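Let's take a few labels one at a time and check each against its cut-off. Here is what we'll be looking at.

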Amino acid sequence: MAEMVKLYIDGKEVEVPKGTTILEAAQKLGIYIPTLCYHPDLRPTGACGICVVEVEGAPTPKRACCTPVTEGMKVTTNSKSLRELRKGIIELLLSDHHVDCPSCPANEKCELQSLANYLGVDMNALPKILERKPLDETSIAIVRDPNKCILCGRCIIVCNELQTVSAITYTNRGFEAHVDTFFSMGLGNSSCVNCGQCTVYCPTGALTEKSEIDMVWDAILDPDKHVVVQEAPALRATLGEEFGMEPGTVTTGKMYAVLKKLGFDVVFDTNFAADLTIMEEANEFVQRVKNGGPLPLITSCSPGWIKFMETFFPDIAKHVSTCKSPQQMFGALAKTYYAKEAGVDPSKIVSVSIMPCTAKKYEARRPEMRDSGYQDVDYVLTTRELVRMIKEAGIDYKNLPEEEADELMGMYTGAGTIFGATGGVMEAAVRTAYWMITGRNMEKVDLKVVRGIEGIKEAEVDIDGLKVKVAVAHGLGNARELLTKVRKQLEETGESEYAFIEIMACPGGCVGGGGQPKGSDFARRARRGEGLYKEDKSLRYRCSHENPAIKRVYEKFLEKPGSEIAHKLLHTYYFKRNIVSGEAIEEVTHKH
Amino acid sequence: MKLQRAHVLVSVDPETVMAGAKEVEERLIKEIESRGLSDEIKVLETGTLGISGKGVVLVVYPEGIYYENVKPDDVPKIVEEHLLKGRPVKELMLPELPVRAVKRETVGLTRKQVRIVLENAGVIDPENIEEYIAVGGYEALEKALTSMKPEEVIEEVKKSGLRGRGGAGFPTGLKWEFTRKAEGDIKYVICNADEGEPGTFKDRLILEGDPHKLLEGMMLCAYAIGARKGYIYIRGEYALSIKRMQKAIDDAYKYGLLGEDILGTGFSFDIEIKKGAGAYVCGEETALIESLEGKRGQPRFKPPYPVTHGLWQKPTVVNNVETLANVPSIIKNGAEWYKKFGTEKSTGTKVYTILGHVKYPGLIEVEMGTPLREIIFSYGGGIKNGKKFKAALVGGAAGVFLPDRLLDVKMDFDNLKEYKAVLGSGAILVMNEDACMVDMLFSIIRFFYHESCGKCTPCRIGTRELLELIKKVRKGEGEESDLDKMIKISESMWKSSFCPLGQSLIMPVKSAIENFREEFVKHLDKEFHCENCRR
Ligand SMILES: Cc1cc2nc3c(=O)[nH]c(=O)nc-3n(C[C@H](O)[C@H](O)[C@H](O)COP(=O)(O)O)c2cc1C
Ligand code: SF4
Ligand code: SF4
Ligand code: SF4
Ligand code: SF4
Ligand code: FES
Ligand code: FES
């Protein structure tokens, strides 16, 4: 039992363990203290000073987010003078800020904006000292607008500590201090892996995805184009909360309905492609087990992780599955299989995907992702962008009647849907690998040990007597830790204790993706994950190989998992990348 | 140690080097050699002698005679007349003998300077460990290692009442005790020799004039708290200080005073020098630690304090140079002896850098509690060129502007507090009637604007807002409300900045505007022509 400390906040007594901050103690009492730079998932930086509170006996106010409580402390969280002080800080921030909320991507989700409202600051009535700086638009996935940065430092902690990519850091001092990449080369010329976690944690519009909304609207409104859309698993567990529903509510039917309403010609589902990925990947795993490796096999569906691997662990590339991500498998099929089946000219197809992910924007534009003869996926929107489109169109999402997806590539199983949560790909693959090896389904398909929000999870799976050790890591810091261990094992003994490893770049998996709503904390990510597992349980088919649409695509087009045409369309290869610039240096695996 | 008849100290610092100190030194050596005096007279380089604006400065011991504006061609005359015939060269001597650090006696003054910290500076050859030993150096270390327990060393320092000379005045013995008692086997001692305050060079005089005293102070601290490793974080520009300190460390190793099993007592200690990163805020102890760890020099949140979570999260003492340089005398002579100097709650002496429009700008060491008026008018010689006193900025850039009516303040930690002032870096900048307070405040704000590390909002943007406002006032475009706005912004910076840098700007801003409001108000008038800021 930790040592307890008793203190008084606004006259109310509270007892908390030693080491608790004033902010946490106040939260326990349900007392609100405004914060700005603080985020519950991250180490506090103490940068903004908004959370100041008065402590009896202290000459100056203290920062609630980082000051530990002491015995008998008497804290006042709200007073005229504190309010003035907080207001003053917001005014300082706004004087150095490009205020254009209505057209800002963070509008209504912006913590600076909501604090300004809370404190009654007139955002436009302030004199400006802002010196406009150019935007960083070098990246395919992420845009940085320094004119909206409040230097809270969250992105730096996220990139350096959570993701261990270290693409960005503080540069210069004083008023000139800002967040920047190595030598100001821009994110597009850096080691940034496009995971987008910085955009989720950024409290303002300073870090966002590079928007493709306009291009998508243009395509929809172009009568000559046939616009096909796919949506990632995580979307259905996230959209609801952006329209006033409980976090974790799964709204698959509303999601299809809204896309139809927005004018997409055909609404399919990435979950179908997730099932396909499982067929290919489970087959790859079985082949590797049968043919003596190389093992472990590591999943490849998270493009942030792929670029990370190419940059920091190119030596283990041969362990990474050759399977494309579901998005790219879908893209390759949309302009081949679907075009053929529906009799549509593939050159007229515009393939749009909606992803919880910013790295998918980058992935779609990798030069090798053109196996259909066209760019396989044309535009990638994040969850945030779709939400903006829905709001722009003025659609009442919450009350929308449910609809179905279009059939050919819209049908999916529970295995496909849990792709969106950490552990899900592993669980889905085990279900099908078991079937491929034994010819029958597992008695209990739930693999609960690999679920949940813990950073690195391990389990031993028994496939009819064959014992397989598996591991799951989410968040690149955890991935780095796990892979460093694996690399060491491989170097020392030539093999690893693990046979199968799942890695997702984003903490929580895609439900915590870099394209998800701003401010998503670990707790909320976990609830979305639970939503997906709930949907899995409710579905008629829970194993990818049972999906009738999957059976059909193999029958009609792909022959069988691992076939030549499957390899051509559904598999890929990797590069080694420069650690500083992220440029591809050479191929480290090859397409067969 | 060879006995020499006379020492000639050549002050070598950036200023005197520009004025030709190296040429003068070469010439001295040549002239002395050519007269066969090399065995009798020794030429030494010393750091600054605490005199500025006087070209190349020499001092000849044992007489303690100063020469100013010495040119190489003056050298034969000095050697011939003074060193050979014993007749000082009047026309090159400083006109009035100033009272300053390196001068051992005082002339015609009511109060004597008391030398504890600077007792050897400018007297012994700082590059010769034997000279330090000859004047009683390392006796305190020997005493502590052979006859005192670490706790007893701490107790003695506590009893002495020594408080930190780096600005805040925290009781040194207590800091050591916290660190000793903190959990963990690995502990560190860091000497803060960053001295980033413009115009201040008191620590440098110790580093260059008596490096072994500092080392001894650090060794005593290490012994007391149980540290095996120490760092001296020296401002990067202090090339000579770094060189001297390195020589002193190397010699100490040779003499078995550093390294394993010091003096056969089982106590082991290593010291390493680290060059400062060049930012003012790196003098703040937690930013200094970050910088030592190879990170960007930005302050850390306190608590936890360095005494429990310092360098590499281990318990660490960070002490100023001057603080540590007090310790050997305390241990050698005892706390009771030390307490005879200074006031009840601020014991001992304090080294000040007197700058600006005084007759004798330079360094002095006087007892704590000496009135500011005395420091300026006796030791500093008053205002030069018959001008009138206007204001003194006490405590460095983050200090307060005091007008004449407040000059009787006794300079110690607690008295100054009543004037909402601090000893700070020990810098006293004296301004005569020609100084423009608006201009002065402008340069202070600009300094802070440049030195803010940029980490926290109140300081990063607050300094910029203040800069805009003071510029406006300076141009005659301000309004009276701008003055109040400046006070308001600096007040909110005091309340909500992350570290003491941003918190302390209130002192100069408020004291300047409140004590010299009339002058600020005059500047608001577009028609007003200030002779002093050339507006
Ligand atoms: C902005 C800033 C600059 C500082 N610079 C110095 C410095 O140059 N030298 C120094 O000894 N202390 C400096 N300090 C004080 C240190 O943080 C610390 O209090 C001191 O080194 C402790 O030593 P002491 O207890 O011996 O005084 C500075 C503090 C601040 C806030
Ligand atoms: S970042 Fe926030 S405050 Fe700034 S323009 Fe965007 S919504 Fe408005
Ligand atoms: S997208 Fe990911 S890798 Fe790129 S800067 Fe942001 S956190 Fe770092
Ligand atoms: S870019 Fe966003 S997260 Fe990063 S420091 Fe600026 S405001 Fe904070
Ligand atoms: S007050 Fe803030 S910005 Fe200023 S130096 Fe300290 S931490 Fe840096
Ligand atoms: S929220 Fe505590 S300092 Fe920013
Ligand atoms: S890889 Fe980015 S959200 Fe899954």
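Q: What makes strand 9 of chain B stand out in the shell around ligand 1?
A: Strand 9 of chain B gives the most to that shell, with three residues. Strands here are DSSP runs of E with at least two residues, helices are runs of H or I with at least four, and both are numbered from the N terminus. Strand 9 (316–320) and helix 19 (500–504) of chain B each supply at least two shell residues. Before going on: this is a predicted model, where local features need pLDDT of at least 70 and side-chain atom pairs count only at pLDDT 80 or more, while totals for chains, interfaces and linings use all residues. Residues are numbered from 1 along each chain as its sequence is written, chains are lettered from A and ligands numbered from 1 in the order written, and side-chain values use heavy atoms, leaving out hydrogens and water.

Q: Which residues come nearest to ligand 1?
A: Of the 18 residues around ligand 1, they are B:Gly166, B:Lys175, B:Asn319, B:Asn320 and B:Thr323. A residue is near a molecule if one of its heavy atoms lies within 4 Å of it.

Q: Why does the pair between the side chain of B:Asn319 and ligand 1 count as a polar contact?
A: The cut-off is a pair of N or O atoms within 3.5 Å. An N or O atom in the B:Asn319 side chain is 2.8 Å from an oxygen atom of ligand 1, so the pair qualifies. For B:Asn192, the side chain also has an N or O atom 2.9 Å from a ligand 1 oxygen. With B:Gly283, a backbone N or O atom lies 3.3 Å from a ligand 1 nitrogen.

Q: Why is B:Thr16 called buried?
A: Buried means under 20% relative accessible area (exposed is over 50%, partly exposed in between; 1.4 Å probe, protein chains only). B:Thr16 has 1% relative accessibility, so the label fits. B:Thr16 sits in helix 1 (residues 14–18) of chain B.

Q: How many residues of each chain take part in the contact between chain B and chain A?
A: Chain B puts in 28 residues and chain A 33, with contact meaning heavy atoms within 4.5 Å. Between them the chains bury about 2600 Å², 59% of it on carbon and sulfur atoms. Buried area is the accessible area (1.4 Å probe) that two parts lose on being put together, summed over both.

Technical notes. A polar contact is a pair of N or O atoms within 3.5 Å; within protein, one must be able to donate a hydrogen and the other to accept it, and residues adjacent in sequence count only if both atoms are side-chain atoms.
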